[in-house]
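Student: I would like to go through the salt bridges here. Please give the reasoning behind each label.

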Amino acid sequence: MNEGLEVTGPGGAELKDHEVSTRRFPDKEILIGAAHQADSLTACALAYLALPNLIFLFGWFRTPIALLLAAGMCYFVIAAFQSVPVRWRSEHSPAALLVILVTSCAWSAFGGGSHFMFANPDWYIRDAVLGDLINFGWPLYYPSAEGMPLILRSAIGFFLPPALFGKLFGLAHLDLTVYVWTIVGVLIFLLLLPLPRRTGWRLTLALILVVFFSGMDFVGVVIATESMPIFPLRLEWWVPLSYPSLTNQLLWAPNHCLPIWIATLLYFRHRHGAEFLRVMVATLPLTLIWTPFAVIGLLPFAWFGTVDWIRKFAWTTVPWRSIIVASAYSLPIVAFLVFDIGHIHSGVAMAPSATSISYPLQGASLHSYTLFVSCEFLLLALVIAPHVREARPEFWLSIVILLALPLLRFGPSNDFGLRLSTTPLVFLLVICLQTLLAEERPSLRGTRWIACLFLAIGAHTAFNEFWRAATFPRTPPDYQHTLADRQDGQPAAHYVGRYDSSPVRHWLRSLPEIRTGRQ
């Protein structure tokens with residue numbers, strides 16, 4: 001038996017079948033992403049998620065608390081690789097690894113953080129956060145009009161490794177550091193996907209599908225406005241609802257999308273294995289400091305996967321120690337993230353906002369809702385649904401979530417729709433890859449043509465993003481304006497909370513001296 005296939009339980013049986021199919025059909029291209037045990041790629045993904053946690057712990061918490069929490073984090077991460085054999089070699093061929101690496105570098109180069117090209121307007125805010133993390137002391141906070149410190153608490157994980165680099169080496173190559181850090185995250189995401197393991201036209205098509213995966217925003221704009229969209233302006237807010245394409249997410253908000261992408265695919269890779277629960281227990285707490293939406297979005301799937309895992313492996317094998325340690329680790333992080341959130345705008349999407357501060361908070365009609373879900377995912381999902389052979393429960397759960405999300409809104413840009421849609425959309429992407437790249441079946445021919453038509457129309461969205469980034473004037477980085485400067489003198493409620501409202505303020509390091517200017 002091949003060393004890499006020695007896994008106990010149902011996951012092991014599926015890997016044996018996978019090995020048999022490879023031997024029986026040596027010329028067939030087998031997709032990666034069926035059943036896996038914990039391997040070197042899992043370790044790289046968890047390490048990528050864990051690094052910002054270590055920086056945050058020792059930068060924000062008092063040293064004894066930081067040491068205790070860091071020890072707990074190491075415990076539940078290492079526990080993910082216990083009790084099962086670990087595969088330390090890659091299944092990808094060297095040529096396929098090179099193609100995926102080049103794709104990661106090229107895709108990331110269009111992102112606003114690298115500042116190689118035009119950076120979308122949100123990067124004024126993200127650059128300000130990164131600059132503040134470098135130029136001010138930790139824990140980072142801002143003075144309020146009432147004199148009460150407002151502590152930064154939201155979605156900072158992505159910025160912490162580049163910020164540490166900036167503190168140590170200055171701002172000269174900070175944009176390049178952000179670019180490299182983004183490449184690593186994108187590379188891990190692409191390697192976790194069920195892509196062909198060898199180079200060829202199927203790997204090329206799969207990567208194109210990933211990069212350009214999007215709903216049919218072009219059709220939505222034409223129907224909703226009765227006019228052609230203005231090229232190459234952004235397509236994705238044609239109603240007060242939005243499910244961003246993967247390219248939009250990467251170019252606008254890698255701090256949110258990368259942890260969600262990676263956590264979702266870790267679930268998918270390990271959902272049938274004996275190590276599933278340990279991997280999930282390690283993954284979810286690590287995403288908290290990146291973005292709380294990663295845990296919220298993955299919880300319904302994790303609950304379903306846990307119930308299925310217990311049914312296969314019984315209660316006696318539940319890793320209670322890891323769960324207890326991970327819960328103890330998560331509590332202070334959650335308390336830090338959710339304090340003083342009552343001022344963040346929320347409500348029901350069908351009702352108009354009490355304060356019309358932005359287009360995403362305007363009321364949506366039944367007509368716009370129906371048009372939105374149809375163009376964004378539903379038509380494509382209905383076409384491929386009869387041919388879905390793997391992950392059918394996750395597929396239908398994704399559809400239910402995507403249908404429900406437009407009914408709620410949270411944050412000035414409706415972050416529920418923007419962020420919580422990412423996990424089910426990644427599942428839909430994975431299922432499209434598995435279905436459309438599966439071995440030839442007569443029943444799939446018509447489905448492939450229709451699905452490819454929908455995907456080709458949707459590709460217009462990502463193409464607009466690329467064209468705008470490449471042709472609009474380059475946006476240089478600006479790390480000198482603070483977040484408060486960018487938001488009319490005081491950071492918005494979804495970024496900061498009042499220090500006196502924090503339940504863990506006594507565990508935090510002493511606040512540095514208040515300064516209104518740069519250090």
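Student: What makes Arg 126 and Asp 122 a salt bridge?
Tutor: This is a predicted model. In it, the closest N and O atoms of Arg 126 and Asp 122 are 3.5 Å apart. The cut-off is within 4 Å, so the pair counts as a salt bridge.

Student: Where do Arg 126 and Asp 122 lie?
Tutor: Both lie in helix H5 (residues 122-135). They are 4 residues apart, about one turn of the helix.

Student: Why is Arg 126 called buried?
Tutor: Its relative accessible area is 6%. Buried means under 20%, so Arg 126 is buried.

Student: Why does Asp 122 count as partly exposed?
Tutor: Asp 122 has 31% relative accessibility. Partly exposed runs between under 20% and over 50%, so Asp 122 is partly exposed.

Student: How do you know that Arg 468 and Glu 465 form a salt bridge?
Tutor: Their side chains meet at 2.6 Å, N to O. The limit is within 4 Å, so the label holds. Arg 468 and Glu 465 are 3 residues apart in helix H19 (residues 444-471), which means about one helical turn between them. Both residues are buried.

Student: What makes Asp 39 and Arg 269 a salt bridge?
Tutor: The N to O distance is 3.0 Å. Salt bridges need within 4 Å, so this pair qualifies. The pair links distant parts of the chain, 230 residues apart. Asp 39 is in the loop between helix H1 (9-24) and helix H2 (40-60). Arg 269 is in helix H11 (residues 254-270). Both Asp 39 and Arg 269 are buried.

Student: How many salt bridges does the structure hold?
Tutor: It holds 7. Asp 308, Arg 311 and Lys 312 are linked in a network of them.

Terms used: Residues are numbered from 1 along each chain as its sequence is written. This is a predicted model: local features need pLDDT of at least 70, side-chain atom pairs count only at pLDDT 80 or more; totals for chains, interfaces and linings use all residues. Side-chain values use heavy atoms; hydrogens and water are left out. Helices (H or I, at least four residues) and strands (E, at least two) are DSSP runs, numbered from the N terminus. Buried means under 20% relative accessible area, exposed over 50%, partly exposed in between (1.4 Å probe, protein chains only).
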